[in-house]
Amino acid sequence: MKNLTTVMMLCAAFTVGVLSSCKKLFDNPDINNNPNAVTNVDLPTLMGGTLLGVGLLHEDTDVRIASIWAGELNGLARAHLGYAQYIVSAQNFTWSPLYPVAGQARLMQLKADSIGNAWGKGIGQVLEALVIAKATALYGDVPYSQAFDATRYPTPVFDKQLDVYAALQTTLDNAVANLSASTGSAYPTKDFIYKGDVKKWKAAANTLKARLYLHTGNYVQAVRYAQQGIAGTDADALIPHGTGIGVDINQNYDFFAVSRIGDAGFDGAYLPKLMQSRIRSINTKTDETALYNYFFKSGITATNSLDGNTVDGAFIASASQPILTYYENQLILAEAQARLGKYNEALSALNTVRARLNSGIFNGRTFGSAGRKYDAYTLADFGPAGLANSTSTINVQVAMLYEIISQRYICFLMQYEAFNDYRRLAVAIPVVQLPIPLYAGSQKPQRFIYPQVEINTNPNVPKPLANQFTKLPVFP
């Protein structure tokens, strides 16, 4: 944590040539020790670097571990086989570039303040919240209140997880206020997510607020902010990619097709099994064939050959990576309303997702039409004999929740939010879970464990040290 404000580490995390202007961040020799010394750094450069870092954190090894532990992916060889067996140590985890990216988001805000740019500060606050939300959801108690001033706090305290959640809500409230400013701001360039649309950033902030309220079981607030969240798939927060290997390809493509072929795949994972159960089933309103073929390579039956579709599907080199999406926003709304007993409202939100899937849109691209069917549901479909009642329950609420969480699980392909659901749904009332099997042993992993570097250098690391099976306060 002594290097949290040493944003120079961020440059090393990026592919050579992607961020050639990154060196400009360090024109001021004091920047490594004094995060306020940003006078020689322009806001667009800070923004471009921070966005790249946030993108990296949504495609990194941590995301793959979370996907494996959620049962969406399976580890087949080398380190990823160990992850699938839930065998990890403190050496497997790192907070670089996680905290350096969060530190750069804070620098964005300082720079924006220095030039009176409210919009730039608001975007920086959203990006900071995204990174710290990932940290606390995966690790529990983490540094936040003292995390970005290495001079005053070389060994920052670990804030309690629920306090971090509350602080993030305040950060996002401030972001929304700044993004609502009507005058006195010039939009920072190098925004490759929303390209100058402040309203979309504001909606994304509200979707993130709704996500965090869902985590903490505050369904009334989750509904409130989802209703102000991402309003269409054209407003998804996506990290764009190109086709240059070693330059701008999606890191999932690099992993599956270039650098780690065979280390992980979908054989033995629960995700394809769930999708197969939604193909040619008694539910005549749903057919996941097209999306299944978009996710996975088809026509190969050899053992350990169910790979991600890197040819013309979800994992091509130029595939955009989701951060926050319309589907997540609407499914937050659907689940929260269902838990509040507002079934018509929940059904409406679920059907908006189904209508959009029926058009073939998924993370900014279109999947095939053959075997693509998502007809609108009615409340009767979730009755005891309803075609969408896949659990044969007599409880409409449970039947509807099962369908909603199934759709969330599918839409969270290669996103760490699937692991958050995996743990959250074990304690949300009423308890409705997917039958995701264990890969090994008798315990489900509950968290990431603190990195060895942090253990060695920060005496404030919580003791006794937790292992991967220790539950977190937010998912007790």
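Me: Why does Leu 350 count as buried?

Reply: Good place to start! In this predicted model, Leu 350 has a relative accessibility of 0%. Buried means under 20%, so Leu 350 counts as buried.

Me: Where does Leu 350 sit, and what is Leu 350 in contact with, leaving aside its neighbours within four places in sequence?

Reply: Leu 350 belongs to helix α14, residues 343–358. Leaving aside neighbours within four places in sequence, its contacts are Leu 331, Ala 334, Tyr 377, Phe 382, Glu 403 and Ile 404. You can also look for Ile 332, 18 residues apart from Leu 350 along the chain: the two C-alpha atoms are separated by 9.4 Å.

Me: What makes Asn 74 buried?

Reply: The same kind of reasoning works here. Its relative accessible area is 10%, and the cut-off for buried is under 20%, so Asn 74 is buried. You will find Asn 74 in strand β1, residues 74–75.

Me: What does the side chain of Asn 74 reach, and why is that called a polar contact?

Reply: The Asn 74 side chain reaches the backbone oxygen of Asp 267 at 2.8 Å. A polar contact needs a pair of N or O atoms within 3.5 Å, one able to donate a hydrogen and the other to accept it. Asp 267 is also among the residues in contact with Asn 74, including Ile 68, Ala 84, Gly 265 and Tyr 439.

Me: How do you know that α5 and α6 are roughly antiparallel?

Reply: Look at the angle. The axes of α5 (residues 98–115) and α6 (residues 118–139) cross at roughly 160° and come within 8 Å. Angles over 145 degrees count as roughly antiparallel, and therefore α5 and α6 are described that way. Their crossing is left-handed.

Me: Which residues make the contact between α5 and α6, and which classes do they fall into?

Reply: From α5, the residues include Leu 98, Val 101, Ala 105 and Met 108, and from α6 they include Ile 123, Leu 127, Val 131 and Ala 135. By class, the contact has twelve nonpolar, four polar and five charged residues.

Me: Which residues of helix α10 are buried, and what do they pack against?

Reply: In α10, residues 251–259, the buried ones are Asn 252, Tyr 253, Asp 254, Phe 255 and Phe 256. The buried residues of α10 pack against helices α3 and α4 and strands β3 and β5. At the start of α10, a side-chain oxygen of Asn 250 comes to within 2.7 Å of the backbone nitrogen of Asn 252.

How values were computed: Residues are numbered from 1 along each chain as its sequence is written. This is a predicted model: local features need pLDDT of at least 70, side-chain atom pairs count only at pLDDT 80 or more; totals for chains, interfaces and linings use all residues. Side-chain values use heavy atoms; hydrogens and water are left out. Buried means under 20% relative accessible area, exposed over 50%, partly exposed in between (1.4 Å probe, protein chains only). Helices (H or I, at least four residues) and strands (E, at least two) are DSSP runs, numbered from the N terminus. Contact means heavy atoms within 4.5 Å. Axes are lines fitted to C-alpha atoms, for helices over the stretch in contact, and angles run from 0 to 180 degrees between N-to-C directions. Angles under 35 degrees count as roughly parallel, over 145 as roughly antiparallel, 65 to 115 as roughly perpendicular and the rest as oblique. A crossing is left-handed if the near helix is turned anticlockwise from the far one by less than a right angle, and right-handed if clockwise. Ala, Val, Leu, Ile, Met, Phe, Trp, Tyr, Cys and Pro count as nonpolar, Asp, Glu, Lys and Arg as charged, and the others, Gly among them, as polar.
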